[in-house]
Amino acid sequence: MNQLARRLARGIGTDGPLSIAAFMTQALHDPDQGFYASRESIGARGAFITAPEISQIFGELLGLWCAQAWHDQGRPVPARLVELGPGRGTLMHDALRALRRVPEFLSTVEVVLVESSPALEALQRERLRDVEACLRWVRQWNDIVHDRPPFVLANEFLDAMPIRQFAMTDRGWCERMVTTDAAGTLVFALAPVPARFAVPPTRGTAEFGAIYEVSPAAEALAEDMGRIIATRGGAAVFIDYGHQGRGFGDTLQAVSGHAAADVLAAPGEADLSAHVDFAALAWSVKKSGARVHGPIAQGGFLRALGIDARATRLAAANPDRAAEIAASVHRLADAQRMGALFKVLAVAPRAARALPGFERC
Ligand code: SAH
């Protein structure tokens, strides 16, 4: 048992079992032993590799996506460029480089990086040290004073939002909790008293043992962001792997050193994530008064934004890297790789024109 597991077990002994959401929050965000407390968590040497770490084109296209959305909304001044969960700062670095070609946007935006982890903020500050833009860091989305239209990028951010799980039992839906066994080891257990809530009918009929997952934190964020975008303008794009709110199942997973790991075995040493419920997010955005675009597959989105043309130009300028560039584009956009598994959902005001990459939706 690692130090964080012992600390969680002691807390459970005094205060009682943790919801999965509370366990995820501590395992990911504990300031000393949480997964994000270490700067090595993301990237080639970390637990997993993300799209911006695969190719510079990913961040470039997303930066230009924001500028185009801003342009299509009549170039509101001043505006704000926001990234949620910037990881190693690679996406923003590539976005800001591409945006040098759109100085009218770059010169009017305040860039805000929403990063909960001081260690990753330090890494991002180093990565972005040379960029010519007005940069600011905040710990959470709610720390931003929303006095300008936000243009928001979020890649693999929502999958880290805490989820709650409920299992169908003969008593009804009982919450799955984290508790300790006789030996003091962390184990899952069901709350004895069923919870009272309505499962969306699109999920279908729940068999005995079915697991229902919900992320109240992700839904609250989507609704709040939708309200701000509906009233102030702006746009947001979320990229993640997920589903359309049908059926049931346990998608909570731990990844450590590029391999699947046990969720409870070594809290803080593995990344924890869950599949994003795009139907629930879309519903939250609709309630807020904004418009939802997508979700569409990442491959189609990147192709519509011109990933192939950009790759051709990049390879022409760097002939020695041509094979590597082609391989990374394939990895991001091909349906057999990340192109179909990852989905893109965007948020915009109701009155806004079609968003770049979503024109045919
Ligand atoms: N977007 C990056 C990193 C994804 S990992 C990439 O594509 O490579 C998730 C990132 O979100 C990390 O930087 C993590 O510290 C941050 N994060 C997770 N939950 C957060 C929260 N609630 N508020 C702010 N940042 C959060």
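**Contacts, shell and cavity**

Me: What makes the pair between N155 and the ligand a polar contact?
Reply: In this predicted model, a polar side-chain atom of N155 lies 2.7 Å from an oxygen atom of the ligand, and because a polar contact with the ligand is a pair of N or O atoms within 3.5 Å, the pair counts. A backbone N or O atom of G85, at 2.7 Å from a ligand nitrogen atom, and one of G87, at 3.0 Å from a ligand oxygen atom, meet that limit too. The protein covers 94% of the 570 Å² of accessible area (Shrake-Rupley, 1.4 Å probe) that the ligand has on its own.

Me: Which residues around the ligand come nearest?
Reply: Of 18 residues with a heavy atom within 4 Å of the ligand, T50, G85, G87, E115 and N155 come nearest. This shell holds eight nonpolar, six polar and four charged residues, with Gly counted as polar.

Me: How do you know where the ligand sits?
Reply: The ligand takes up the space of the largest pocket, and therefore more than half of its atoms lie within 2 Å of the grid points of that pocket. A pocket is open, with protein on both sides within 12 Å along at least five of seven lines on a 1 Å grid, whereas a cavity admits a 1.4 Å probe that cannot get out.

Me: What lines the largest cavity?
Reply: Its lining has 17 residues, with I163, S215, H275, V276 and D277 nearest the centre, each lining residue having an atom within 4 Å of a grid point. Nine are nonpolar, three polar and five charged.

Residues are numbered from 1 along each chain as its sequence is written. Local features need pLDDT of at least 70, side-chain atom pairs need 80 or more, and totals for chains, interfaces and linings use all residues, while side-chain values use heavy atoms and leave out hydrogens and water.

Methods
Polar contact = N/O pair within 3.5 Å; in protein donor to acceptor, adjacent residues only side chain to side chain.
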